[in-house]
Amino acid sequence: MKVEQSHIDKIKSSFSKMQTKEDLVALLSEAKNIMYGEECKSFHLKGLNYYSHPDLCKKRYTQFSIPKKSGGKRIINAPVSGLKSILRTLNFILQCIYEPHSAATGFVAHKSIVDNVRIHAGNPYVFNTDLKDFFHSFDRKWVKYGFMIEPFNLGKEREDLAFLLTSLCTHPFKINEEVKNVLPQGSPTSPTITNILSVKLDRRLTGLAKRFGARYSRYADDITFSAAMNIFKRSEHPVLNEKGSYDDFISELERIIQEYGLEINPAKTRLQYSAFRQEVTGLIVNEKVNVRRRYVKQIRMWLYYWEKYGYEKAEQIFAKDYLKDKGHVKNGKPNLMNVLDGKLEYLKMVKSDYDSTYLKLKHRFDRLTVAGYSNSLDTILGVWEAKGIESAMNFVSDNKIKL
């Protein structure tokens, strides 16, 4: 459902008037109906109390790992379905109430990965770093504080609501042999809450960038600065000035990050020069925002297979290529048509819907899709005539044909 400003205003009003846990349950149910555009099953206080207590709900999260293409594993903690439903709805409420800093582009409504990289395009020097164990850096005390201050204002007599929300959004994990209540990586609310709690950091880093004539953006734990001059040289002997800050960029960046209890990941830190490929969160920014050449080349190749060999054989070739390329992170049988459609939508987002490369590839895809639809329709009618409507509908379902 399309969320209107009237919906957002209603959520804000209900949240500001909220006094009891029952009011919170009513707000969550109201927000759920807005999200899905229909009367949904209501939440109940019993459920919120159950999922907010790890001692009662022993299996709030399912932990699994995703292999990284670069090596190693990324640990994901996915909430069980009941908790996930609550957190998805709560995340919608938080995004209605809170407006993140303009430099925060990840997991922000109406912003995309393109917004994160656009301001860096064409700059000779691009500096990128990563915040280590980002989500696990935000503990229960910090999260509760975020709910107690503006714009949520769940302090004083409403502090029990701040504690309930915090208990739903955090979870005890064993980190470096110590159990800590922190934001889980994999929870629907974690990215939004980190944006909420990082607003002062974003302000400081925006000020740092302005001081040195640079530009700054943050996509979750991925931080990027770019500049016309190489301000990213580390001073061998940094000294605090009379204002309590460093005069070289890197030392001052590290000082600010550490002040917020966060840590830079040296393994993910790099300075990219314009003479070489400059990449920010997977997109090229040397002259303008663009995808990698391989991305377009792969779309062309799969379209060529479809044009030359037909859909069935093309999908067999595609499946082998896709498994080799994405098998480390994705399970299940890939669908050539769906993957191409998704890749073209992403290409349009990055390059625009009037870009000549996108338009040519989209035209080829549409032509092939229409031809495939016509062939499928003839086959469906043939099955209907030979075996009846039930067999025809089964054929549609088994082959995932969109009518």
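This passage describes the aromatic pairs, one helix and one threonine of a predicted model.

The structure holds 24 aromatic pairs. One of these joins Tyr50 and Tyr51, whose ring centres are 5.1 Å apart and whose planes meet at 70°, so that the pair is edge-to-face, the angle being over the 60 degrees that this class requires. The two tyrosines are not alike in accessibility: Tyr50, with a relative accessible area of 38%, is partly exposed, whereas Tyr51, at 17%, counts as buried, the limit for burial being under 20%. A stacked arrangement is found for Phe127 and Phe232, with 5.2 Å from centre to centre and 5° between the planes. Phe127 belongs to strand β3 (residues 125-131), while Phe232 is located in the loop between β7 (222-227) and α10 (249-259), and the pair therefore ties together parts that are 105 residues apart in sequence. Both Phe127 and Phe232 are buried. These two residues also take part in a cluster linked by ring pairs, whose other members are Phe212, Tyr216, Phe225 and Phe249. Elsewhere, a charged side chain is placed against an aromatic ring, in that Lys32 lies over the face of Phe43 at 4.6 Å from the ring centre.

In helix α6, which spans residues 140-148, the buried residues are Val143, Gly146 and Phe147. Because they cover an arc of only 95° around the axis, these residues are on the same side of α6. The elements against which the buried residues of α6 pack are α4 (81-97), α7 (159-169) and α8 (190-197).

Thr206 is found in helix α9, which comprises residues 199-211, and with a relative accessibility of 31% it counts as partly exposed, a value that lies between the limits of 20% and 50%. Within the helix, a polar atom of the Thr206 side chain lies 2.7 Å from the backbone oxygen of Asp202. When neighbours within four places in sequence are left aside, Thr206 is in contact with His101, Ala103 and Tyr216, of which Tyr216 is also a member of the aromatic cluster that includes Phe127 and Phe232. As for Ser102, the C-alpha atoms of this residue and Thr206 are 9.5 Å apart in space, although the two residues are 104 residues apart in sequence.

Note on methods: Residues are numbered from 1 along each chain as its sequence is written. This is a predicted model: local features need pLDDT of at least 70, side-chain atom pairs count only at pLDDT 80 or more; totals for chains, interfaces and linings use all residues. Side-chain values use heavy atoms; hydrogens and water are left out. Buried means under 20% relative accessible area, exposed over 50%, partly exposed in between (1.4 Å probe, protein chains only). Helices (H or I, at least four residues) and strands (E, at least two) are DSSP runs, numbered from the N terminus. The arc is that of the directions from the helix axis to the C-beta atoms. Contact means heavy atoms within 4.5 Å. Rings of Phe, Tyr and Trp (its six-membered ring) pair if their centres lie within 6.5 Å; planes under 30 degrees apart count as stacked, over 60 as edge-to-face and the rest as tilted. A charge sits over a ring if NZ of Lys or CZ of Arg is within 6 Å of the ring centre and within 35 degrees of the ring normal. A polar contact is a pair of N or O atoms within 3.5 Å; within protein, one must be able to donate a hydrogen and the other to accept it, and residues adjacent in sequence count only if both atoms are side-chain atoms.
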